[in-house]
Structure formats: structure tokens, C-alpha cells
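Subject: A structure for you to look through

Hi there,

Here is the structure I promised you, with the sequence alongside. Have it open while you read, and turn it as you go.

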Amino acid sequence: MKFATVVGALLALVGFNVGAQQEIKVSYQPALYWSLPYYIASEKSWWGELGLKPSFSTFPAGVPQIAASAAKSWDVGGTGSVPAVLGAARYNLLTIGITNDESQGNALLASGAKADGFMKNPASIKGQTIVLTANSTGDYAVQSCLGKWGLKKADVNIKSMGQAEIISAMSSGNADLGGLWAPNIYTLEEKAGAKLICSGRDAGAIVPGAIIVRAEYAKEQPQHVARYLAIYLRAQKWSLAHRSEAIAMMKKFYEQGGVTISEAAMNKEFDTRPVFDLAGQLKVMNRPSGGASEVDGWLTKIGEFMKANGTFAEVPAAKGFITDEYLRMVDRDPKLKEFANRAN
């Protein structure tokens with residue numbers, strides 16, 4: 001009997017549907033720590049084990065990604081928390097889990113020549129130009145840092161750019177301050193000598209990444225959504241248990257996205273980006289006695305930041321778009337739960 005036939009028979013015995021695979025459209029931003037699980041799951045052929053066939057679409061940032069959901073060009077995905085809240089307000093997107101805590105991975109950087117001066121005297125940032133990607137987690141981190149120093153957005157000149165443009169501007173000496181997210185942070189540190197002067201975490205801002213789904217798709221295909229979550233969680237768990245192999249895969253994945261960083265920086269991705277297994281996801285998503293969950297609090301603060309920016313008039317109600325329903329589906333299904341918790 002051929003190996004593939006044996007595998008199929010064994011999977012059928014444990015209850016997974018290995019018949020015709022169902023397409024699921026997955027969106028993400030390439031060359032990011034939280035999107036690595038999609039690559040790992042594909043390389044390991046784990047999608048097929050749960051009867052899914054992913055069709056991927058990638059975006060340079062969250063805003064165009066969530067806008068594409070209006071055309072139903074994707075079903076599920078991962079994104080930053082700022083676009084996740086924007087997606088809830090404008091496109092009926094649900095947040096169904098957390099990709100990682102990227103509070104240390106969103107930050108304000110300064111050119112090597114100016115960094116020490118700004119750190120010794122943050123008030124000197126007043127009147128300076130900061131290049132950043134507007135309505136992003138990087139923007140949220142920068143404004144949180146300004147608040148920590150007693151400064152306001154109106155105290156500086158904000159110029160919106162894509163991340164690649166920010167790297168180019170700071171590398172060429174055309175900008176001294178920039179808001180970036182990892183791994184772009186490491187690229188700028190290693191190639192241009194820039195220094196991180198304040199991260200979201202330094203400013204007391206929790207910056208989570210979000211696992212999202214179109215509400216219509218979730219209603220139509222709840223089992224597919226639960227299987228998608230199980231695959232994502234397994235890939236994360238595997239990467240933590242097999243870091244050396246995961247970093248080798250990260251190198252290839254990042255290079256495909258046009259990003260080259262050192263192995264030390266790749267290890268830093270793992271060291272500074274906490275992730276949540278199934279139990280951890282359920283814990284931060286839980287609403288005790290009908291109250292607010294930790295995730296409710298994190299995304300409500302981000303919504304308030306966006307309201308202050310004029311993005312929308314009212315902050316979306318957390319209970320209207322954050323749900324642990326699909327994580328609980330995984331947890332209630334013994335086979336999916338076992339799959340999600342595998343480290344191999």
C-alpha cells in the first residue's frame with residue numbers, strides 16, 4: 001500500500017474528512033512573524049489533513065487587506081489590531097483569536113546620529129517630522145510613545161508612508177524618526193544603524209495581532225473556520241517546539257517577501273513576540289460573568305486611538321465583533337483540540 005494511502009486511511013480512522021478538499025481563501029501580510037504559521041502549515045501539508053485547500057492573497061499592509069474583504073476576495077486571515085478594528089467598523093469582520101502580542105514589535109526608531117539626543121531629551125522631538133504608516137499598529141505605538149513623553153500628535157509633523165518607503169527615507173538620511181513594525185525594525189537597525197527609542201510595550205500599549213474572518217463566511221462555514229484555527233495554532237505550537245527548523249523556514253518565507261534579516265533578528269522575533277496556544281487564546285478571550293475580556297480591553301483602547309484620529313465617530317463595541325465561538329468549537333471537538341495542541 002502506498003504511503004499516501006496509508007496516511008489517508010489513518011486520518012479517516014481518527015475522524016477527519018480527507019475527501020474532496022474545500023477551498024478556503026486566506027489573507028495575510030508577507031514576511032511577518034505572525035504569518036509564518038501559514039507557510040509552515042503549507043510546507044507540512046497540514047491544511048489537507050483537515051480537508052482544506054488554502055488560496056492565499058497577500059497585502060503590503062492592513063488597510064488594503066481589510067478593504068479587499070468587501071469583494072469577498074478572502075474568507076479568513078491575520079492582520080494587525082488597528083485594521084482589525086477598522087474592519088469591524090466598516091466591513092463586518094470578526095476577530096476570532098490573537099496571532100501574537102507584538103507590543104515590542106511596533107516602535108518609534110531614530111537615526112543613529114539623533115537617537116541618543118532624543119532619548120536623553122524626548123521633549124526635543126516636538127516639532128520634528130515622523131514618518132509612519134497611518135492607521136496602523138506602528139502609528140498606535142508611536143502615538144503611545146508620544147503620550148508617554150507628554151507630547152501630542154499635534155506637537156509633531158506626521159507624514160504617512162509605506163514601510164519600505166520609511167526604510168528608504170531613513171536609510172538615505174531624509175528622515176530621522178520613523179514608526180515601524182518588525183521585521184522592518186531589524187532591517188533598519190542592521191542596515192542603517194537606526195535605534196529603537198520606544199516600543200509600544202515601553203509606552204504601556206498592548207498591541208495584539210488579530211485572527212479575523214468575514215462574518216458572512218463564519219456563519220456559512222463555521223466548521224471551516226474552526227479547522228482553520230486548529231491549523232494555525234498547531235503551526236505556532238510546532239514552531240516553538242522546533243525553533244531551529246522554524247527559523248530556517250522563516251528565512252525562506254521572509255526572503256520570498258523581500259525581507260532579509262540576520263539569524264539574531266529572527267531569534268529576536270521568537271523571543272519578543274508571545275503567542276497563545278488554545279488554552280491561552282480561550283483565557284484572553286474569556287468574558288468572566290459577562291464582563292469584558294482582556295482582548296476586549298486591548299482592542300477597545302485601539303478603537304479609542306482610531307476615534308481620536310478621526311477614523312470613525314464611535315468606537316465599535318467589543319462584544320459586537322470579538323468572539324471566542326470558533327475557538328470553543330475547537331476546544332469542544334476532541335479531534336480538533338488534539339490537532340491544535342500537537343507540537344509535531
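How many cavities of 30 Å³ or more does the count come to? The count comes to one. Please keep in mind that this is a predicted model, so everything below describes a prediction.

**The cavity**

About 60 Å³ of space lies in this largest cavity. To find the place, colour the residues that line it: Tyr-33, Leu-36, Pro-37, Ile-40, Gln-236, Ser-239, Leu-240 and Val-275. Helix 2 and helix 11 (222-241) each supply at least two residues of that lining. By class, six of the lining residues are nonpolar, two are polar and none is charged.

Tyr-33 is worth a second look. Besides lining the cavity, the model has 14 aromatic pairs to explore, and one of them joins Tyr-33 to Phe-270 edge-to-face, with 5.2 Å from centre to centre and 75° between the planes. The two partners come from distant parts of the chain, 237 residues apart: Tyr-33 sits in the loop between strand 1 (22-28) and helix 2 (36-43), while Phe-270 belongs to helix 13 (residues 263-272).

**The pockets**

Now for the open spaces. The largest pocket holds about 600 Å³. Its lining counts 39 residues, and those nearest the centre are Pro-60, Ala-61, Gln-163, Trp-181 and Asn-184. Helix 4 (62-67), strand 3 (76-80), helix 8 (163-171) and helix 9 (184-192) are the elements that give two or more residues to this lining. The classes are 18 nonpolar, 18 polar and three charged residues.

The second largest pocket has a volume of about 310 Å³. Tyr-140, Gln-143, Ser-144, Lys-301 and Phe-305 are the closest to its centre among the 16 residues that line it. Here the elements that contribute two or more residues are helix 7 (137-148) and helix 15 (294-308). This lining divides into nine nonpolar, four polar and three charged residues.

**The sheets**

Next, switch to a cartoon view and look for an open sheet of five strands in the order 2-1-3-10-4, with mixed pairing. Why is one side of strand 2 (52-58) and of strand 4 (93-101) left without a neighbour in the sheet? These two strands stand at the edges, and each has a single partner strand, so there is no neighbour on the other side. On average, neighbouring strands here are turned by 25° against each other, direction ignored. Within this sheet, strand 1 and strand 2 run parallel and pair over seven bridges; Ser-27 stands opposite Ser-57 in strand 2.

Another open sheet of five strands has the order 7-6-8-5-9, and its pairing is mixed too. Strand 7 (157-160) and strand 9 (195-199) are its edge strands, each pairing on one side only. The average turn between neighbouring strands is 30° in this sheet, again with direction ignored. Strand 5 (residues 106-110) pairs with strand 8 (residues 177-181) in the antiparallel sense over five bridges, and Leu-109 stands opposite Gly-178 in strand 8.

Last, find helix 6 (residues 112-120). This helix lies across strand 5, strand 8 and strand 9, and runs at about 35° to strand 9.

Enjoy exploring, and write back with any questions!

Best wishes

Methods. Residues numbered from 1 in each chain as written. Predicted model: local features only at pLDDT ≥ 70, side-chain atom pairs only at ≥ 80, totals over all residues. Heavy atoms only, no water. 1 Å grid on protein atoms, 1.4 Å probe; cavity = no way out; pocket = protein on both sides within 12 Å on 5 of 7 lines; lining within 4 Å. Points joined across faces, edges and corners; volume = space filled by probe spheres on them. Helix = DSSP H or I, 4+ residues; strand = E, 2+ residues; numbered from the N terminus. Nonpolar A, V, L, I, M, F, W, Y, C, P; charged D, E, K, R; others polar. Pairing = 2+ DSSP bridges. Axes fitted to C-alpha atoms, helices over the stretch in contact; angles between N-to-C directions. Contact = heavy atoms within 4.5 Å. Phe/Tyr/Trp six-rings, centres within 6.5 Å; stacked < 30°, edge-to-face > 60°.
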